[in-house]
Amino acid sequence: MRLLGKLGLAAAACLLGAQIAAADTTVKWLHIEVNPVQVKLWEEVARAYEASHPGVKVEMQFLENEAYKAKLPTILQSKDRPNIIYSWAGGVLKTQIEAGVLDDITDQVKGYSDSLTPAALAAFTSNGRVYGLPTALSQVGFLCNKELMAKAKVDPAGIKSWDDLLAAVKTLKAAGVTPIVVGGADKWPLHFYWTHLAVRIGGKPAFDAALKGENGGFAGETFQKSGELFKQLVDLQPFQNGFLGFKNPQAVGYFGDGKAAMTLAISTVYHLQRALAADKTGLSEDKICWFDFPVVAGGKGAPTDTLGGITGWLITKGSPKEAVDFLKYFVSKDVQTRLAAGNFIIPVVQGADAGLNNSFMKLIAANLAKSNYHQNFYDQSLGPSVGRVVNDVAAEIAGGSMSPQDAAKAIEAAWKQGN
């Protein structure tokens, strides 16, 4: 009997062990963040979640930005796909929803989602259903090096119009300073010029009309003119030597090394340039300036209109419920406040902006707050196929191998083909 009792206890112990093992869940989280300071904070959040949720492990995975974009469609078809993936929302998200590779998390985030900025949540919502959670807002504008601008006697606060920018480029070149650094090999940093010019020239009405095929669509006057003005800048040869061979991280590091006066970039580059500078220190706060993208004479866009991202995270098909639970924990007021306090994000959770303690980040937050039209990046907003063409033609204009008119026609043709 004692033997049978011992065997019974052993069997029960084995069964309990099997149940515990079966309860263990791994949440695979794929990100593209290259700033080690921010990643360290994320890791701390993941470990804190694990500590309060026994049996759950959060496994962080990394892919470089361009590799992520290229490999994600294949990754999403894999049985071993990650559970949480990075997203810029827009047309790419729409394509993923249509492909059936994402989980609908509407019911799991009911109530919780009320704490999010409505416009940010809307970017991850389709037909009333929620497929992901936003995490940050950003603005595209010109970061500048105070010392190099002063060397050429250029006042960044005086660059208000497109003509002002062209004049500044000429003055910087005359002073022996490289005016602008750009990661031309990745193409999308160049599309910021073409896109932001379209925002300034036509505003939201022009973009909405183009989506409907009105006024010539993306081959219409607004988009041809944006290419023409971009070419005005290109003709001044404002970029660093070999700009079409520079990847974006290399260009950001170049700016952080103090080798160019300006870079048209996402506001997050304010901190990223430090991590990617050769000395890992980059430009200190007192050496960096910012000015909004210049207005265009006769433009219909408001000066307060912004271009930028609404970024977040999606849950892939068939993921465990713990993936959504961790995501809600990660996009919580406490964590968002910590990230804001570290000046890593403009938060999307209401009240988390109280963590912002940096004048630059407060400026970006104020700009976004007063923007009545925040245009998501065209290469994301228009979907992967059309977005690729937008990036390609922006690089072609910059390289002098395509006319602004042909560029606009190419985008319109791609849009018509897919819609």
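1. Helices here are DSSP runs of H or I with at least four residues, and strands are E runs of at least two. On that count, this protein has 17 helices and twelve strands. Bear in mind that it's a predicted model.

2. Overall shape: the radius of gyration is 24 Å, which agrees with the value near 22 Å for a compact globule of 419 residues. Along the principal axes, the C-alpha atoms fill a box of roughly 95 × 45 × 35 Å.

3. Packing and surface: 53% of the 419 residues count as buried. Take the contacts with a separation of 6 or more, and 77% of them come from residues 24 or more positions apart. The exposed surface is about 18300 Å², with carbon and sulfur atoms supplying 55% of it.

4. Strand S11 (residues 310–315) is worth a look. Six of its six residues are buried, so the strand is largely enclosed by the rest of the structure. Strand S3 (residues 84–87) runs antiparallel to S11 and is joined to it by four bridges; Ser-87 has Gly-312 as its bridge partner there. Strand S6 (residues 132–137) also pairs with S11 in the antiparallel sense, over five bridges, and Gly-132 stands opposite Leu-314.

5. Then check Thr-306, which sits in strand S10 (residues 306–308). Its relative accessible area is 3%, so with the cut-off at under 20% Thr-306 counts as buried. The Thr-306 side chain makes a polar contact with the side chain of Ser-371, at 2.8 Å. Leaving out residues up to four places away in sequence, Thr-306 touches several others, including Gln-139, Asn-367, Tyr-373 and His-374.

Terms used:
Residues are numbered from 1 along each chain as its sequence is written. This is a predicted model: local features need pLDDT of at least 70, side-chain atom pairs count only at pLDDT 80 or more; totals for chains, interfaces and linings use all residues. Side-chain values use heavy atoms; hydrogens and water are left out. Buried means under 20% relative accessible area, exposed over 50%, partly exposed in between (1.4 Å probe, protein chains only). Two strands pair if DSSP finds at least two bridges between them. A polar contact is a pair of N or O atoms within 3.5 Å; within protein, one must be able to donate a hydrogen and the other to accept it, and residues adjacent in sequence count only if both atoms are side-chain atoms. Contact means heavy atoms within 4.5 Å. The radius of gyration is taken over C-alpha atoms; the globule rule is 2.2 Å times the number of residues to the power 0.38. Accessible areas come from the Shrake-Rupley method with a 1.4 Å probe; for residues, only the protein chains shown count as cover.
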